[in-house]
Amino acid sequence: METADSTSASGPQVRARTRKRAAGRPQSASMADVARVAGVSSQTVSRVSNGYAGVTEETRRQVLAAMKELGYRPNSAARALKRGEFRTIGVITFGLSTTGNVRTLEAIAMSAAHEGYAVTLLPVAVPTQDEVRGAFSRLGELAVDAVIVIQEVHLHDAVTLSLPPNVQVVVADSDAGDRYTVVDTDQAGGTRTAVRHLLDLGHRTVWHLAGPEESYAAQRRTDAWRAELTEAGCTPPPLVRGDWSAESGYRAGRELAAREDCTAVFAANDQMALGLLRALHERGRKVPEDVSVIGFDDIPESGSFLPPLTTVHQDFAEVGRRCVEGVLRQMRHEATEHGTTLVPTRLVVRDSTAPPPRR
């Protein structure tokens, strides 16, 4: 148990001296000042500051109260130099306009915080190899220990991603292959489950409202949709494409709603499915009596659509956890494997799917 230090200055004297310094030239309180006010050792203050165990809850509160009273701010740069790490993970992303990127980033930040790490975000405006190199250089200046790249889209000037050597890095939602550690949702498996669900209900084929061409996720979902239909002996209908937004789903949905032979649609994400539902409603086609609709993502609002949306659930929290786990294993020089780890999906059946109408 911690005991009070034998010091020449009492808590009130330290407070008065700190206030006097603040009145003249600005000077922050020291760890020794905090120790004197709290009545503990400097080592105990250090343990509390760094979040280490071995300190009673009462002593921790006492030290934190002294820090607050004196305005003490731990010197994170000095601690980083001493430990040889900055406790910060850099995240490079090519945009924050899509649900997948935002929720993946949120999951990474939560998982990093759970491990005691902060996150430094660096968005890249244009997905090019030069921009990626520039982002790595800027993150180096910001002093990060490792990097997670959320690469949801193809690069404009390169076939595959090429990252600087000797960098602790994990790539999320990408087609980086076996050169890096990659974490991704099982896009193909989730798509095949969705298409199979509609075929099992009795639909002769399934139309597809696809995401943008430059998206890896959209490409994998389109390929899996086409493969599942072909293996079932169905001819894939013409592809209809959107851009992930509800508005693009509405525009494409007006085209699909006009087709009487369209009885089932797999939308590549829930937002486009929302626009599709509106277009079908305006055309007077009921869901699911006339047309069944399935989405992908299982956003929190999907259960509140009218009707509640059948969709493929992505485990973004698990994707974030595995990304952080991957970079931490590299930082700790533990055994790591290159290649892609797929996080499973599951179909959430709600009220937007049913057998096709009788002719």
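In the predicted model, P307 is placed in the loop between β9 and β10. The peptide bond that leads from L306 to P307 is cis, with omega near 0 degrees. A cis peptide bond also joins V287 and P288, where omega is about 10 degrees. P288 belongs to the loop between α11 (270-283) and β9. Most peptide bonds are trans, and most residues other than glycine have a negative phi.

The loop between β9 and β10 also holds D298. D298 is not a glycine, yet its phi is positive, at about 60 degrees. With a relative accessibility of 12%, D298 counts as buried. The side chain of D298 takes part in a salt bridge with R350, in which the closest N and O atoms are 3.0 Å apart. R350 lies in the segment after β12 (346-348), whereas D298 lies between β9 (292-297) and β10 (310-313), so the pair ties together parts that are 52 residues apart in sequence. R350, at 23% relative accessibility, counts as partly exposed, and D298, at 12%, as buried.

A positive phi in a residue other than glycine is also found at H333, where the value is near 60 degrees. H333 is located in the loop between α12 and β11 (339-343). Its relative accessibility is 69%, and H333 therefore counts as exposed, the cut-off for this class being over 50%. A positive phi of about 75 degrees occurs at G39, just after α2. Helix α2 itself spans residues 31-38, and its buried residues are D33, V34, A35, V37 and A38.

The structure holds 15 salt bridges. Side chains of opposite charge can pair when their charged atoms come close. In one of the salt bridges, the side chains of R220 and D184 meet with an N to O distance of 2.6 Å. D184 is part of strand β5 (residues 181-185) and R220 of helix α9 (residues 216-231), so this pair ties together parts that are 36 residues apart in sequence. Both partners, R220 and D184, are buried.

A salt bridge within a single helix is formed by E247 and R251. The N to O distance between the side chains of E247 and R251 is 3.9 Å. Both residues lie in helix α10 (residues 246-257), where a spacing of four residues, about one turn of the helix, separates E247 from R251. E247 has a relative accessible area of 43% and is partly exposed. R251 is likewise counted as partly exposed, at 47% relative accessibility.

The D298 and R350 pair described above, with its closest N and O atoms 3.0 Å apart, ties together parts 52 residues apart in sequence. Elsewhere, salt bridges that share partners join R192, R196, D200, E228 and E231 into one network.

Packing between helices was examined for α6 and α12. Helix α6 covers residues 99-114 and helix α12 residues 316-331; the two pack with their axes 7 Å apart and at an angle of about 55 degrees. This angle falls outside the ranges for roughly parallel (under 35 degrees) and roughly perpendicular (65 to 115 degrees) arrangements, and α6 and α12 are therefore oblique to each other. The crossing of α6 and α12 is right-handed. On the α6 side, the contact is made by G100, R103, T104, A107, I108, S111 and A112, which meet F316, A317, V319, G320, R321, C323 and V324 of α12. By class, the residues of this contact divide into eight nonpolar, four polar and two charged.

For the protein chain as a whole, the secondary structure comes to twelve helices and twelve strands. Of the 359 residues in the chain, 48% are buried. Among contacts in the chain with a separation of 6 or more, 71% are between residues 24 or more positions apart.

Terms used
Residues are numbered from 1 along each chain as its sequence is written. This is a predicted model: local features need pLDDT of at least 70, side-chain atom pairs count only at pLDDT 80 or more; totals for chains, interfaces and linings use all residues. Side-chain values use heavy atoms; hydrogens and water are left out. Axes are lines fitted to C-alpha atoms, for helices over the stretch in contact, and angles run from 0 to 180 degrees between N-to-C directions. Angles under 35 degrees count as roughly parallel, over 145 as roughly antiparallel, 65 to 115 as roughly perpendicular and the rest as oblique. A crossing is left-handed if the near helix is turned anticlockwise from the far one by less than a right angle, and right-handed if clockwise. Contact means heavy atoms within 4.5 Å. Ala, Val, Leu, Ile, Met, Phe, Trp, Tyr, Cys and Pro count as nonpolar, Asp, Glu, Lys and Arg as charged, and the others, Gly among them, as polar. A salt bridge is a side-chain nitrogen of Lys or Arg within 4 Å of a carboxyl oxygen of Asp or Glu. Buried means under 20% relative accessible area, exposed over 50%, partly exposed in between (1.4 Å probe, protein chains only).
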